[in-house]
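The exercises below are meant to be worked with the sequence and the coordinates open side by side. Each one sets a task and is followed by a solution that goes step by step.

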Amino acid sequence: MAGTQVSSTLVQEIVERALGAGATDAEAVVVEGDEFSTKVRLGQVETLTESTSRAIGLRVFHGLRTASTSTNDLSEESLKRLVSGAVELARITEEDPFAGLPDATEYSTTRNAEGLHIYFEDVYKLPAAERIEMARATEAAAMAADVRIQNSDGGTFSAATSYKAIANSRGFAGEYRKSYCGIGVMAIAQDASGMQRDGWSSGARTLTKLESPEDVGREAAKRAVRRLGSRRVKTQKASVVFSREIARGIIGDIFSAVNGDAIYRHASMFEDKLGEQIASPLVTVVDDGTMMLEPMLGGFGTLPFDGDGLPMQRKVIVDKGVLQTYVTNTYTARKLGVKSTGNASRGLAGAPGIGAGNFYLEAGTLTPREIIAEVQNGLYVTEVLGSGVNLVTGDYSQGAAGLWIENGEFTGAVEEITIAGNLKDMYRNIVAVGNDLIFRGASASPCFRVEGMTIAGS
């Protein structure tokens, strides 16, 4: 990205312009990005998209008043309007007693991504023809894996690199680049019982860490084929084992419930629960924005600083079932009378939100096979449908599909069922946690088993 040096200078210049125009404080952010995606279906290129973007956002303060503007037009005239518009808006907005940048003493001296290994040039150096061929190979591997795979929704390849620079009037200036690439395929299986589909994908910071197209294609085919002959089961209460792909969503609800903004608005089931047992002693949940997956490979959620410019941190959210902390940015921390946990998430416009780094449930000691072997009658969940989670009450209800378990063995696929319970009970009733923690994104979880859930079927 040739413009990165210019961008790091530009954000500091815009901050100075805002102060000169009457702002008492200012913060500017520049975001640049390159994206590529292609889809190959039945061997033919169906879609191909490539784009480049560059934009700047400005947030200014006039005492306790604040306003923000953004633009993707970086001409001199547009930048003048950006600054003047933000300052004028700030003068007429309502005062907010919690508004303001972090104190200068809170900033880290580590302000770039050096040593974090979150950017790799190979992601975007691969020629387009080879990217397309990886998508084609992924689909071909799925089609060749089983005679019952006669169709697909396509093989895909995607690549993205991005650059962000932030500067403010409190003396902070930081920048980083990051990269991502991925392949995937959705396979369609068919036999006398009907048609089923399922997929698999692989994502990484660098091409060298992607699973091979052959492995991804075969896994997609296996998952599609095992769903053939799916049936419904009778309504009952039973054990439910959440596969790690689904488990991470259940654990992700913990992050949403400990979001400081939800706590302040009295919109969380974990309000006033600090220091209390909210989950099984088997549950330890961590948010770590500094994590390295390997010595020379940063995590998907690893960054040098958060959206407020504060250093990313490692924090234990739940320790052996006991809630330890809420997660906040600077603004929400002031509302709650605490210090920021370094979880600010910054876009171009508006105030920072709250986001996770690498958020995960720590692995247990049992293999998935051992956890399943202990189930006499229950469900192994591989897919959930719809949104049925109430983070205020904890009520949980989602459509689901998966594999039925009897006497510790899979006995076939099931679908058109609903699993229901309450998250507060579900977290407490986790009786086994797997050792299969693998980071395929910024959030991750091993599989785990929950006792006593309602499975609604026929």
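**Exercise 1. A lysine in a loop**

Is K234 buried or exposed? Work this out for the predicted model, and then place the residue in the chain and find what it touches.

*Solution.* The relative accessibility of K234 is 65%, and the cut-off for an exposed residue is over 50%, so K234 counts as exposed. The next step is to locate the residue, and K234 is found in the loop between helix 5 (213-225) and strand 7. Leaving aside residues up to four places away in sequence, K234 touches I455, G457 and S458. A last step sets sequence against space: K234 and N259 are 25 residues apart in sequence, while their C-alpha atoms are 37 Å apart.

**Exercise 2. Classifying ring pairs**

Determine how many aromatic pairs there are, and assign a geometry to the pair F172 and F305 and to the pair F242 and F448.

*Solution.* The count comes to 12 aromatic pairs. For F172 and F305, the centres are 5.1 Å apart and the planes meet at 80°; since an angle over 60 degrees counts as edge-to-face, that is the class of this pair. The two rings come from distant parts of the chain, 133 residues apart, with F172 in the loop between strand 4 (149-168) and strand 5 (173-191) and F305 in the loop between strand 10 (297-298) and strand 11 (314-319). Both partners are buried, F172 with a relative accessible area of 2% and F305 at 1% relative accessibility.

For F242 and F448, the ring centres are 5.6 Å apart and the planes stand at 50°, so this pair is tilted. F242 belongs to strand 7 (residues 236-242) and F448 to strand 21 (residues 448-456), so the pair ties together parts that are 206 residues apart in sequence. Here too the accessibilities point to burial, with a relative accessible area of 0% for F242 and 1% relative accessibility for F448.

The final step is to follow the pairs from ring to ring, and in this way Y107, F172, Y176 and F305 are found to be linked into a cluster.

**Exercise 3. Charges over rings**

Which ring does R131 lie over, and which ring lies under the charged end of R177?

*Solution.* R131 lies over the face of F36, at 4.5 Å from the ring centre. The charged end of R177 sits over the ring of Y119, at 4.1 Å from its centre.

**Exercise 4. A pocket and a cavity**

Describe the largest pocket by its volume and its lining, and then do so for the largest cavity.

*Solution.* The largest pocket has a volume of about 510 Å³. Its lining is made of 24 residues, and those nearest its centre are W200, S201, E245, R248 and R440. Sorting the lining by element, two or more residues come from each of strand 5, strand 6 (194-204), helix 6 (244-257), strand 16 (377-385) and strand 20 (443-444), and strand 6 gives the most, with seven residues. Sorting the lining by chemistry gives six nonpolar, nine polar and nine charged residues.

Turning to enclosed space, there is one cavity of 30 Å³ or more, and the largest cavity has a volume of about 40 Å³. The residues that line it are R226, R227, S230, T382, A401, G402, L403, A413 and V414. Strand 17 (395-406) and strand 18 (409-422) are the elements that give two or more residues to this lining, with strand 17 giving the most, three residues. The lining of the cavity divides into four nonpolar, three polar and two charged residues.

**Exercise 5. Backbone angles and a buried serine**

What is the sign of phi at H266 and at K320, and where does S445 lie?

*Solution.* As background, most residues other than glycine have a negative phi. H266, although not a glycine, has a positive phi of about 60°, and K320 likewise has a positive value, near 50°. H266 lies in the loop between helix 7 (260-264) and strand 8 (285-288) and counts as exposed at 56% relative accessibility. K320 lies in the loop between strand 11 and strand 12 (322-323) and is exposed, with a relative accessible area of 54%.

S445 sits in the loop between strand 20 and strand 21 and is buried, with a relative accessible area of 2%. Setting aside residues up to four places away in sequence, S445 touches R244, A247, R248, I251, L361 and L437.

Technical notes: Residues numbered from 1 in each chain as written. Predicted model: local features only at pLDDT ≥ 70, side-chain atom pairs only at ≥ 80, totals over all residues. Heavy atoms only, no water. Phe/Tyr/Trp six-rings, centres within 6.5 Å; stacked < 30°, edge-to-face > 60°. Helix = DSSP H or I, 4+ residues; strand = E, 2+ residues; numbered from the N terminus. Buried < 20%, exposed > 50% of the residue type's maximum accessible area, 1.4 Å probe, protein only. Lys NZ or Arg CZ within 6 Å of the ring centre and 35° of its normal. 1 Å grid on protein atoms, 1.4 Å probe; cavity = no way out; pocket = protein on both sides within 12 Å on 5 of 7 lines; lining within 4 Å. Points joined across faces, edges and corners; volume = space filled by probe spheres on them. Nonpolar A, V, L, I, M, F, W, Y, C, P; charged D, E, K, R; others polar. Contact = heavy atoms within 4.5 Å.
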